[in-house]
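Thanks for coming. I have one structure to show today, and I will keep to the computed geometry.

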Amino acid sequence: MQRIRLRYTKRGRLRFTSHRDFQRAFERALRRAEVPMAYSAGFTPHPKVSYANAAPTGTGSEAEFLEIALTAPRDPETLRALLDESLPPGLDVVDAVEARTSGLADRLTASVWELRLDGVDPIDAARAVEAFTKAETVEVQRMTKNGVRTFDARPAVVGLESLPGAETHSSRADRPTDQPCAILRLVVRHVTPAVRPDDVLSGLRAVADLAPPVPAAVTRLAQGLLDEETGTVTDPLAPDREAAPAPMAAPAAAATAPTPEGSA
């Protein structure tokens, strides 16, 4: 059985696609692309697809991951292209590798997010970021199925900065506008309870009264293993690429012996 790991995106209006909606669209794409899927046993067999740490509904993403199991081997790049053609624009399969290591989910320990705050002065955003990063605790509240829960969002935040007003990913993909806005870059650990971008926005409101006039456009730029020394997030598919066998070198052409001078 071959396992293929895929990275896909949620762009533009399709950031509002729920995870359940994506699952249905992806299973239809598997059928259209005639992928030789492995199925679970039991009375209701279903394709063996493992989803890892899906982004919340309403957020864009450049770094969503899943793994599929096949009953027959396929070239990962060819499979990626077929699935990408079978999904609507915005749900794009952008990378594929054969799984040669274990524990993909264990390598998703942090995410990098971009938060576009339309209508917010970048100076005000920078002051709020400074107040947040200097705070020892930032208590926020979230409504759960068991009622309102209060927790400290500060420990999970590895990095938070206000970026210069340059061209950004979210301005191209999610909500292009000519109005001034603040751009925040957030690096957050995956902890329990999960600290999401909207929790950080709640924290900015609590410590600095920063309240964007319209909902933030949020895009996940990366997720993977957190490098504690640099605060960066590494590509979780890199170990599978590194474990792939090196391509075999083409045999060298046989040398032609020189013809002796004067021979016929």
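I will go through the aromatic pairs, then a cavity, then one aspartate.

First, the conventions. This is a predicted model, in which local features need pLDDT of at least 70 and side-chain atom pairs count only at pLDDT 80 or more, while totals for chains, interfaces and linings use all residues. Residues are numbered from 1 along each chain as its sequence is written, and side-chain values use heavy atoms, with hydrogens and water left out.

Now the rings. A pair of aromatic rings is described by the distance of the centres and the angle of the planes. Rings of Phe, Tyr and Trp (its six-membered ring) pair if their centres lie within 6.5 Å; planes under 30 degrees apart are stacked, over 60 edge-to-face, and the rest tilted. That rule gives 3 aromatic pairs. One of them joins Phe22 and Phe26, stacked at 5.8 Å centre to centre with 20° between the planes. These two residues are 4 apart in helix α1, residues 19-32, and are therefore separated by about one helical turn. Helices here are DSSP runs (H or I, at least four residues), as are strands (E, at least two), numbered from the N terminus.

What does Phe22 pair with outside its helix? The partner is Tyr51 in strand β2, residues 49-52, so this pair ties together parts that are 29 residues apart in sequence. Their ring centres are 6.2 Å apart with planes at 80°, so the pair is edge-to-face. Tyr8, Phe22, Phe26 and Tyr51 form one aromatic cluster.

Are Phe22 and Tyr51 buried or exposed? Buried means under 20% relative accessible area, exposed over 50%, and partly exposed in between, with a 1.4 Å probe and protein chains only. Phe22 is buried, at 3%, and Tyr51 is partly exposed, at 22%. Phe26 is buried too.

Next, the cavity. On a 1 Å grid over the protein atoms alone, a cavity is a set of points where a 1.4 Å probe fits but cannot get out, and lining residues have an atom within 4 Å of a point. Grid points are joined across faces, edges and corners, and a volume is the space filled by probe spheres set on the points. The whole structure has 1 cavity of 30 Å³ or more, with a volume of about 40 Å³. Its lining includes Tyr8 and Phe22 from the aromatic cluster, along with Lys10, His19 and Glu64, among others. Strand β1 (2-10) and helix α1 each supply at least two lining residues.

Last, Asp118 sits in strand β5, residues 110-118, and is buried at 6% relative accessibility.

Methods. 1 Å grid on protein atoms, 1.4 Å probe; cavity = no way out; pocket = protein on both sides within 12 Å on 5 of 7 lines; lining within 4 Å.
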